[in-house]
Amino acid sequence: MPAADAASPGADVLWLARLEYRFHSWRERRARARGLTPTVTPFPGYAGREWVRVLGRVLIVPPRPAKRSSGAYASVRGWRSFAAVPVGYAQVSVTIGGTTHEVVADRGGVIDAVLPAQLEPGWNEFEMSVEGGQPVRTRAFSVAPDTRFGVISDVDDTVMVTALPRPLIAAWNSFVVDEHARQPVPGMAVLTERLVRENPGSPLIYLSTGAWNIAPTLSRFLQRHLFPPGAFLLTDWGPTHDRWFRSGKEHKLTNLRRLAQEFPGVKWLLIGDDGQHDDELYTRFAVEHPDNVAAVAIRRLSPAEAVLAGGRTTVDHDSAADVPWVTENDGAGLLERLASVGILRS
């Protein structure tokens, strides 16, 4: 290989990706030597008429030490979500309606597979297991063929106040802060619950650039603050085959396009904030797929949040003029704005 090629960014990142995998493999061997075995951490998925998107991750989870506090309100630090060991390329058994399918996780242990299934509209449960271990139950929301409305919501600074774009703030919130110290954006739980209640059978997707490691924390947060349940579409940290870090913008746009293809008859309400390029991404998606966007709702960050987020994004919404756009500071304001454009009942 020429010297120029060996020093190219693509070659460096490929080497870094291999190094990451070797590091996790070393951690896996150490964990197994201690007698620990892998298990599946399931994530809520979604389904169409004859298929289901199964999501989860294969991990070796270190035993948690006994604590003075226990139960739903026990203190849980963010770093514990990242202490588990991912098991790359694990073979996972998925049993749906009496039929078992074998799928393989990626090198980070993430399971993201589409399997044939005929599920009833609404939430459906099925089982996943790895290496013959105890099956764990998971679920997916099946979208009926006649469904015409759905909700896609960002998480960071839209559902949960995190100020994540700044690296140091992100590290603090992800690794140090007790999950019970995280605060919901005011009014957003009421807004999402109202949207789901007024549109029975409509899917709710939480689409975030957050790592899959935080999925259990996110699930507990949503339950604790009375957000309606929905499918998770998160991402994985670390290098890919061609770049140092995964692109959050690419992750969101790819999944938006995928949902438009999977559910061509659904018009989505897109909810985000003005601190993480949601304006730009939603505008681009609305231009590409105007028939798949019911409206866009953007939460305006407070001045302090905007500083932490590195400023606000400004996008020319005129390029998506046929799609209603509403902005407000919180969920209550967005609810009123969405009612004014006919998305919600007044």
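# A tour of salt bridges and two helices

Select arginine 337 and glutamate 328: a salt bridge joins them, with 3.2 Å between the closest N and O atoms. Keep in mind that the model is predicted. Colour the pair by exposure. Arginine 337 is partly exposed, at a relative accessible area of 41%. Glutamate 328 is buried, at 15%, because buried means under 20% relative accessible area.

How many salt bridges does a search of the whole structure find? The total is 15. Side chains of opposite charge can pair when their charged atoms come close.

**Next stop: helix α6**

Select residues 248–262, which form helix α6. Put a distance line between the end C-alpha atoms of α6: they are 21 Å apart. That agrees with expectation, because 15 residues at 1.5 Å a residue should span 21 Å. Now show the buried residues of α6: His251, Lys252, Leu253, Asn255, Leu256, Leu259 and Ala260.

Stay on lysine 252. Which side chain does lysine 252 meet in a salt bridge? Pick aspartate 154; the N to O distance is 2.9 Å. Aspartate 154 sits in the loop between β9 (149–153) and β10, while lysine 252 is in α6, so the salt bridge ties together parts 98 residues apart in sequence. Are these two residues buried or exposed? Both lysine 252 and aspartate 154 are buried.

Move along α6 to arginine 258 and glutamate 262. Their side chains also form a salt bridge, at 2.9 Å from N to O. This pair lies within the helix: the two residues are 4 apart, so about one helical turn separates them. Arginine 258 is partly exposed, with a relative accessible area of 26%.

**Next stop: a network**

Select Glu28, Arg32 and Glu131. Salt bridges link these three residues in a network.

**Last stop: helix α5**

Select residues 215–224 to bring up helix α5. Show the side chains of Ala215, Thr217, Leu218, Phe221 and Leu222, the buried residues of α5. Look down the axis. The buried residues cover an arc of only 155 degrees, which puts them on the same side of α5.

What covers these buried residues of α5? Turn on the strands. The cover includes β1 (39–47), β10 (160–161), β11 (183–184), β12 (204–211) and β13 (231–235).

Finish just past the helix. Leucine 226 follows α5, and its phi is positive, near 65 degrees.

Definitions and conventions
Residues are numbered from 1 along each chain as its sequence is written. This is a predicted model: local features need pLDDT of at least 70, side-chain atom pairs count only at pLDDT 80 or more; totals for chains, interfaces and linings use all residues. Side-chain values use heavy atoms; hydrogens and water are left out. Buried means under 20% relative accessible area, exposed over 50%, partly exposed in between (1.4 Å probe, protein chains only). The arc is that of the directions from the helix axis to the C-beta atoms. Contact means heavy atoms within 4.5 Å. A salt bridge is a side-chain nitrogen of Lys or Arg within 4 Å of a carboxyl oxygen of Asp or Glu. The expected span of a helix is 1.5 Å times one less than its number of residues.
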